[in-house]
Every structure is written in C-alpha cells, then in structure tokens.
Amino acid sequence: MTRRHGYALLSAIIAVIVGLSAAIYVGVAAGDGSASTNALDKGGAQHNSAAPASTGIWVGSWSASPAGAEPGTETFGTAGRSVRNVVHTSVGGTSARITLSNLYGQTALTVTHASIAVAVASDTAAASADTMRRLTFGGSTAVVIPAGQQVLSDAVRIVIPQGSDVLVTTYSPSPSGPVTYHPHARQISYVAEGDLTEDVTGTGYTEQTPFWRYLTALDVLSNESDGTVVAFGDSLTDGITSTQNANHRWTDVLSERLRTAVQSGQDLPRYSVVNEGISGNQVLASGLGRPADNQSGLARFSRDALARTNVKVIVIDLGVNDILRNPRLADPNKILDGLRTLVREAHAHGIKVIGATLMPFQGHRGYTDAREAVREQVNAEIRSGRIYDAVVDFDKALRDPYNPRRLRSDYDSGDHLHPTDKGFARMAQTFDLNELKGSAPAEL
C-alpha cells in the first residue's frame, strides 16, 4: 500500500469515528473569535477531575495570534504526530480551557486527542503526572475544526500556578493541510511521532520546534485576576529579540511588575497580561494569501483583541512597520486614522485603550530622514491625547538622549530597531500602572 493510499484509508476510518461522536463540531468563525462552548468537561473522571469545583472568573493567562501557514505543511500537516506546545502562564487558576485555530488550513483539521498538564520544570516536555488532563470539546475527545475556524475546549479542572510552564498537546492522525502557527514564539516546544498526547515522561518528544502550532489561547478560572490586559502589536510586542525560553518580553515583565505591586498592597487592578503581537504586523496592510498571512491590525483586532476573555484594557503598539515596510513614503494621517478606528472599536465594547509612541530606528536598513519625519508626526499626535485614553512613551524611555532618532546603545539588540532584554524591561518599567485603572470613556 502506498503512503498516499494509507493516509486515505486512515482518513476514511477517522471520518467514520468522528461522525459517530456527539457534538464534536464546535467551530466558530475565525474573524469573530467568540467562544463556541463553555461547558464543563464531560470526559472520564479518571482523566479530568483533580481539583474541587471552584469559584472565580475566566481570564486570559496566555495567548498568541495565528500568524500564517507553516511552510512545508501544505499536504500532510502534522498527521501522525503529537504536537506539545509549551506556554507560560500570566496568572494561575483552578480550571482551564484552550482555543485551537485552523485559520490557515485549507481543509478540516481533525484532532482526536488533546491534553493539558503542568510541566515538571522549564525547558522540558515532561509533565507533572498528577496534572495530566484529557481535554474534550462539546463532551467528546475528538473535534473537527473546519478550515478558517477555531474551537474552544470544554473547561477541565486543573490547578495551574501563576508563572508556570503549561504543556498543551494535540494529536491529529490524518493529513490536514497547512498548519496554523505562530512563528516567533521565543519558546521551545516539542513534537513526537505517534499519539503520545498523555505521555508524562516527555522522552518521546525528540523534536524541538521554535513555533506554536494550532494553540492560540489558554484561559483559566482564577481567583487571582479580575480581567485581562491585551498587548496588541508587532515584533516589539512579540519579543522577537528577547532571550529564548526566558519570558523576557516586555509583556512578561509588565505582568510580573503588576502582580508584585498588587501583592504589596498597592491600589491597582488585578489583571493578567496576554500577548497578541505578530512580528512584521502593520496597522493598515496585510500580507499575501487568502486568508492573508500576518493580517493587518485592523483585520485581526476583533479576533485577537476584542474577543479575548474578559478584556479590560488593550495596549496598542503598532505603526513602525507601516512606516518601514511601505514601498512609498507612508501617510501619517492614514496610520493615525487606522489607530483611531481600533480605539473606536474598543470603546464600543467598553474597553480602555493605552497607546504607545513609536520607538526610534535610525541605523536600521529601512531608515530614511523622510520616514523619521513620519514617525515624529505620528508620535506628536499620540502624545497630544487625541488618539488614546492614555499614553505610554516607549520612544522617550528607550531613545538615546544624545541622538533621539536612535535607540540607546544598551537597549539596542544590534539591528537598531528591536530592544535587548534590558530594553524590553525598560518598556515595562515605563508603564504607569495607575493607567490600568478605569474603563473606556463615554466619549474620547
């Protein structure tokens, strides 16, 4: 039997099994991002009950935007392999649920087995055995995710500590076409041959990967947090030059800073922080393809920001790529109009918006004096208070005091655009945490 015929037969068998499962078709439109199910897990108790029923509210503990279709996966996807994503929690909880995306798939994605567990340590595929839980979708262990859509799992009882690494594993036995992924994870995840979804040893996970695949969100039922802060941006938010596996993006540092301040008794909101940055992202322009790779901020804002769980504040740091990647000279007014549109959409949902000034990039290969003038025009309008509810001045905090068109040398990763770990930490320290208080004004 040829490999092609083998896959076809296996796909047919899986289709029959899945067709007999109840309530497995729990998809939602990719552009709308709303939850498809919120039911408690109905799977076997031996796999899902460990923590007692608890109170709390659902908040985002981790997230990553779907950014494109993974090259090399166009035909078989991850058929016959277990994908173990490693993610770092912003807050802890006593129950969890995940979102899986097939946004860039060209055919339906069948997941027959999925699990969640707390890692025994950092930098490992091994799980703490007593935390391993089987995930279900509408009460079934299998789920079909139509092309272009996403699903939300049932909630499962599991104690997840704040600041821990969590392992979310999926297994798909049949070819599914392009894999929806987030390429710049700055976190090593793992892949194993065969269905090792509930394996706790991690020994079979011999392949490492710098990507997050399919997984786009981890929510927790938490008594530690009253809402979610979404950081919405480009590579500066994605943390593309931060140290791998170290959680040194500015969003990580901000999360820890806010948590420490609240624990010390400061009168501040108890919020989690999740990261919705995509490297190369622009306010106005999307990439190629259908759906487009690296969708513009305007195109993805509803799914990646507004639809995240219990969002209270959105921090927007976008605009640099509109300047640097525009083959012509970017129009500052169009960039600003795009930012105003994002703010209006957030306000319509009662969400406060904090905006960041655009950091300098002299020395970068895309720098010109004309582009610098556009950046300065955009920043002047942002600082005026006519765009956002509040402003965090990343530009002022990281620029060279002797040459404000350039990053300070110890904040510069070397490409004159992206910060070092020290620079990312400085971005988080620049935040006035009091600006996280309050809600969107009735009228800006």
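**Pocket, packing and buried positions in a predicted model**

In this predicted model, the largest pocket has a lining of 26 residues, and H88, N247, R249, T251 and D252 are those nearest its centre. Two or more lining residues come from each of strand 2 (57-63), strand 4 (81-88), helix 4 (250-263) and strand 19 (271-277). The greatest share is that of helix 4, which supplies 5 residues. The space in this pocket amounts to about 350 Å³. By residue class, the lining consists of 14 polar, 8 nonpolar and 4 charged residues.

Closed space was examined as well. Rolling a probe the size of a water molecule over the atoms shows where empty space is left. The structure has 1 cavity of 30 Å³ or more. The largest cavity encloses about 40 Å³, and its lining is formed by A64, S65, P66, Q150, T216, E276, R303, D304 and R308. Of these lining residues, 4 are charged, 3 are polar and 2 are nonpolar.

The protein as a whole contains 10 helices and 24 strands. Of its 444 residues, 57% are buried. Among contacts with a separation of 6 or more, 81% join residues that are 24 or more positions apart.

Helix packing was described for one pair. Two packed helices are described by the angle between their axes and the distance between the axes. For helix 7 (residues 332-348) and helix 8 (residues 369-383), the angle is about 35 degrees and the axes are 9 Å apart. Their crossing is right-handed. On the side of helix 7, the contact involves P332, I335, L336 and R340, which meet V374, Q377, V378 and E381 of helix 8. The contact residues comprise 5 nonpolar, 2 charged and 1 polar. An α-helix has 3.6 residues a turn, so residues three or four places apart point the same way.

Helix 10 (residues 421-430) has G423, F424, A425, M427 and A428 as its buried residues. The elements covering these buried residues include helix 3 (235-238), helix 4, strand 20 (311-317) and helix 9 (394-398). Helix 4 thus appears in two settings, in the cover over helix 10 and in the lining of the largest pocket.

Two buried residues illustrate how parts of the chain that are separated in sequence are brought into contact. The residue F301 belongs to helix 5. Its relative accessible area is 0%, under the 20% limit, and F301 therefore counts as buried. Leaving aside residues up to four places away in sequence, F301 touches F232, L306, I314, I316, L342, E345 and A346. Between F301 and V283, which are 18 residues apart in sequence, the C-alpha to C-alpha distance is 9.7 Å.

The second residue, L407, is located in strand 24 (residues 403-407). L407 has a relative accessible area of 1%, and is therefore also classed as buried, the limit being under 20%. With residues up to four places away in sequence left out, the contacts of L407 are M359, P360, L398, R399, D400, D412, H416, L417 and H418. Along the chain, L407 and Q362 are 45 residues apart, while their C-alpha atoms are separated by 7.6 Å.

Backbone geometry was noted at three loop positions. The peptide bond from R290 to P291 is cis, with omega near 0 degrees. P291 is found in the loop between strand 19 and helix 5 (297-306). Positive phi values occur at R186 and N310. For R186, a residue other than glycine, phi is near 55 degrees. R186 is placed in the loop between strand 13 (180-182) and strand 14 (189-193), and its relative accessibility of 22% makes R186 partly exposed. N310 is likewise not a glycine, and its phi is positive at about 55 degrees. The loop that holds N310 runs between helix 5 and strand 20. With a relative accessible area of 28%, N310 is partly exposed.

Key: Residues numbered from 1 in each chain as written. Predicted model: local features only at pLDDT ≥ 70, side-chain atom pairs only at ≥ 80, totals over all residues. Heavy atoms only, no water. 1 Å grid on protein atoms, 1.4 Å probe; cavity = no way out; pocket = protein on both sides within 12 Å on 5 of 7 lines; lining within 4 Å. Points joined across faces, edges and corners; volume = space filled by probe spheres on them. Helix = DSSP H or I, 4+ residues; strand = E, 2+ residues; numbered from the N terminus. Nonpolar A, V, L, I, M, F, W, Y, C, P; charged D, E, K, R; others polar. Axes fitted to C-alpha atoms, helices over the stretch in contact; angles between N-to-C directions. Left-handed = near helix turned anticlockwise from the far one by under 90°. Contact = heavy atoms within 4.5 Å. Buried < 20%, exposed > 50% of the residue type's maximum accessible area, 1.4 Å probe, protein only.
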